[in-house]
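Thanks for asking me to look this one over. My comments are set out as numbered points, so you can take them one at a time.

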Amino acid sequence: MKAQTSIGISYGFKLDTVAVNSGETFTNVLWIENTSNSPVTLVQSELQKIGLLKLPDSITIGAGQKKWFPLKYMADRLTIHKNLQDIYIQLKDSRNKITVQPSASFYAQLENIQSLVIDTDQQEVYLNQVTNQARVMVRIFNNGLIPINFRLELVEIPDGLDFIGERTSMTIEPGSQETIPFIAKNKLNNRTPADFAVTIRALDVSGNVITLKRLRIMSVSSDRRLSLNQTPFYQNRPNTVALRYMSVDNSLSMYQFQGNGKYDLANDHHLNYQLNVDYFNNPNQKGVNIYDSFIDYSHKGVGIKAGNIYESLDFNLNGRGVKGTVNIDDKRSLSVYGIENDYLLFSDFNSASQGNTFAVSFKENNAVSDNKSLVLLHNSNLLTKSNTTLLSGTNNISLDDRQNIGLEAGYSVQDLKGNDSQPKNGGAFGVNYNLNGKRFNFYSNNYYSTPYYGGLRKGLLQLENKALMNLGQYENISARFNLMNNKPKELSSLNNSLLPVTNNYGNTTYELGYGNRIGQWSINIRPYYFGQHMEAPASDTWRSSSIRSKFNINYNNANHDFSFEADNGYTFQNTSQIPPAPFFSSRMTANYRNRILGFTGFAQFNSYYLSDALAVSSNPKYYIYSFGPNTSFALLKQSVVVNANAMYNYFGFNRSENYSFTSNVRWRIKGDWTLSADIFYGLNMRKAANEYNPAVGPETQLSNTRENVYRFDNKQFRIGIEKRFGGNDKNGDKKMELIYFEDLNGNGYRDNSEPFAPDILVKVEGLAAITNSKGAVVFTGAQNKLYAVSIVNNKNWSLEQTTEVYLNKNVKLEIPLVKTERLTGRLAYIADKYNDGAPSIAGLRIKAIAENGKTFSTLTNEDGMFNFYLPESKYIVSVDTEGMPYSILNPNESVEVKRSQVTDLEFKYKYTQRKVEVTKFN
């Protein structure tokens, strides 16, 4: 039998799991114990040398000794690449004589995981006057630290609007983006001016909303709201009103009044309100529209909201009415809805009702991955002349800290008013599972609904499963299987005319993946098989099969973010014959951003989806270009903020072009007033004679006898003034401007020769800002309050003293920073002849006096170890033992601290309290 080798060196971390937030530092303590009879010098694996406060290059542990080492890390993309990140240390004996424990690790649990952003190339989309449709480029950014798995869902889509595009599950790597083209089509195709509101949501594998984007789609002659703010008004602080004037193409003008308020009243009363009013004063159009407006009041767990209500309860609630809520306790609530299906709260132009909706909703929220919901709803739709009764529920259960399971189910009954046909029953069921392990991650999202199900996802079968295994700190492999089959049916007096042919679509994906990170660069390669099928306009079933591969590369640091993704493939089967197989196709996305400028680009060459064939009828060359610059900067001490972007889109299959320019300027002036100006210009040109109609495929819109050029441009100009008033803090807010500089001479004041410190991450009460080129950041806070200011020391910066600001007025402070380096040391016990063991020396004060007289101090731990972070200088280091029974044999040590050089000291001491008498006998 082989004898088991005893471990001489063991080590581990004080904390098994540490909660971390993106962009913040986190710490843990490593202990190392030598149970052997010999001293050991340990070295660390090169692959594990990460962090801000690292282990020394070599560590000497005496026989029977135990030491503690504090470690500090930054939660950035170099350190964190999954939500439960394992951080491990691997030590070995430099002489390979003592058996050392293989490794030790702890978990960094990432909180506030999701950092997904949905944006569009235009904040408002205008339908083409001839084709009654428009293209929308939806861009999705992952600004977080880890890959995000999600699916897109479009809600609040009223009857009459079709929104076609990719809605399958997808994964976006950190620092990268996806661009997805959509088609918006007014299916009613009547002369009533279109004005639609659409919400694009991203849902995680548990069905929780990660982020959303609201978008307005309208015709040029719309008699409703004509514009959204390029910078959303409701991102402003509460209790703000704004008055604006807007002109469209010099032929249409209106005044807009907007306001919002949030008040915490006495005795636990709370009141919120929101108001949007448009007043039109044109020769053929005079009147008022009120929309997106409500009053929300709550008191001791009871609330009532009246006005516009937009929510998703597995059904689009989009109208005006009343919502009452009772909070049963701090986790459970019951809500009752009564809504008329009309987006506008009041209108002088459109008073036709589209029906009503009544609903009851129960929710229980224990945690993000532990929640329940139940909805009972009845909808009467006057457009389709149908009634829908829906019962649906969800139950997400947290199995433990690393895994959760979710269930969802629904049942519906639909019938036509005044029709003797049998009601249509529908059902849905889904189950999802999520595991975040140390080395292995797995998620599974599976859903099925019948064609006539009355919920948001009808006639859908979707199986989404992905497994990921970590090979090392940054390296991983993955496998994914996805099956999606969509065959909905619409119960309507208009039959299925409201459903586009492209809704009868499905695809299957088998994918393998490899990912790695090298320094500031990360790469992902994902080859996959992609099969599709779709019911074509002529009742045929088109099929295609492709072998494709995605390549993604990202680079990021404090000043620059760059990402590029190329999806290239070979299609060997395409029964639509548009274009005939085999053929190659490619989709590419590029994005670059720095502190001021950015650039976005998207290109597609040849068809990717089967539905692309519907757009290439007479011109089989399917390609799209979309690119443009953007900028954001501030002037006059941050009081003027400018945002601008330009985009060019070209669609080769119908030779249409789109140019757009958007600019927004905001100027903050005294008294909490703000002036704003918005400029938008769009130019659309089309030369082809065919246009894609999602209901029937390509259709001729213009004469085929000659090449027609259709041109349409849209100009908008808006100016406004905003005023903030009141607020939760009766004393108002004050500004705190902090200017950081490198204090080269250590005098605490900035001299002309001392440089500013840009790109420093400054934090105040959880809010973070980065210093500009002049080292400045500005925070706005409540008056008469004390704020603690800290910096994230990711570049060896250190504050010379703690920064606390009492904000009783607007303040401007210059704060000195110094570059620091680590000075470590230990106290070594020199034993007497008759000693009985080393005494405890924890808590001895170590002093370091710089050349300029500035004194730094620290304390020893229980093993006599100490650490300093000191600015570059020469120091006299000493041990303060006054009044203590210790004798330091080398009481003062001279040392020079230099950047990128860790210095180590040793003080030798004797214990003098013991008195030993020796008697000799002859």
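The points below go from the whole chain to single strands and residues.

1. **What kind of model this is.** Please keep in mind that this is a predicted model. The average pLDDT of the protein is 78, and 77% of the residues reach at least 70. Among the elements, strand β26 (residues 332–340) has the highest mean pLDDT, 92, while strand β46 (residues 690–693) has the lowest, 48.

2. **Stretches to read with care.** Residues 727–731 stay under 50 in pLDDT, and the model gives them nine contacts beyond four places in sequence. The pLDDT is also below 50 over residues 915–922, a stretch with two contacts in the model beyond near neighbours in sequence. I would keep both stretches in view when reading the rest.

3. **Overall make-up.** The secondary structure consists of 63 strands and zero helices. Of the 922 residues in the protein, 50% are buried. The accessible surface is about 42800 Å², and carbon and sulfur atoms hold 53% of that surface. Among contacts with a separation of 6 or more, 58% join residues that are 24 or more positions apart.

4. **The largest nonpolar core.** Which residues have the most contacts inside the largest nonpolar core? They are Y11, F26, I32 and I89, in a core of 27 residues. Two or more residues each come from β1 (9–13), β2 (17–21), β3 (25–34), β4 (40–44), β5 (58–61), β6 (66–74), β7 (84–89) and β9 (104–111). The largest share, four residues, is given by β9. As general background, nonpolar side chains tend to be buried together in soluble globular proteins.

5. **Y11 and a second core.** Setting aside neighbours within four places in sequence, Y11 has contacts that include L30, W31 and I32. The list for Y11 also includes I89, Q90 and L91, as well as V100, Q101, P102, S103 and A104. Apart from the core that holds Y11 lies another one, with 26 residues, among them L313, I339, Y447 and F530.

6. **The sheet around β4.** An open sheet of three strands runs in the order β5-β4-β8, with antiparallel pairing. Its edge strands are β5 and β8, each pairing on one side only. On average, neighbouring strands of this sheet are turned by 35° against each other, direction ignored. β4 pairs with β5 over four bridges and with strand β8 (residues 91–93) over three bridges.

7. **Side chains and partners along β4.** How do the side chains of β4 divide between the two faces? V40, L42 and Q44 point to one face and are buried, whereas T41 and V43 point to the other and are not buried. This fits the general pattern, because side chains in a regular strand alternate between the two faces of the sheet. On the β8 side, Q44 stands opposite L91 and L42 stands opposite D93. On the β5 side, V43 has S58 as its bridge partner.

8. **S58, seen from β5.** S58 has its place in strand β5. Is S58 buried or exposed? S58 counts as partly exposed, because its relative accessibility is 42%. Not counting residues up to four places away in sequence, S58 touches T41, L42 and V43. Along the chain S58 and L42 are 16 residues apart, and their C-alpha atoms are separated by 5.6 Å.

9. **A four-stranded sheet later in the chain.** The strands of another open sheet follow the order β58-β57-β60-β62, with antiparallel pairing. β58 (855–859) and β62 (892–897) are its edge strands. Its neighbouring strands are turned by 25° against each other on average, direction ignored. Within the sheet, β57 (residues 845–850) and β60 (residues 873–880) pair over six bridges, and A850 stands opposite Y875 in β60.

10. **V641, as a last spot check.** V641 is found in strand β43 (residues 640–651). At 26% relative accessibility, V641 counts as partly exposed. Leaving out neighbours within four places in sequence, V641 is in contact with F633, A634, N664, V665, R666 and R668. V641 and N664 are 23 residues apart along the chain, with a C-alpha separation of 8.2 Å.

How values were computed
Residues numbered from 1 in each chain as written. Predicted model: local features only at pLDDT ≥ 70, side-chain atom pairs only at ≥ 80, totals over all residues. Heavy atoms only, no water. Buried < 20%, exposed > 50% of the residue type's maximum accessible area, 1.4 Å probe, protein only. Contact = heavy atoms within 4.5 Å. Areas by Shrake-Rupley, 256 points an atom, 1.4 Å probe, with all protein chains shown as cover. Core = buried A, V, L, I, M, F, W, Y, C linked by side-chain atoms within 4.5 Å. Pairing = 2+ DSSP bridges. Axes fitted to C-alpha atoms, helices over the stretch in contact; angles between N-to-C directions. pLDDT = per-residue confidence, 0-100.
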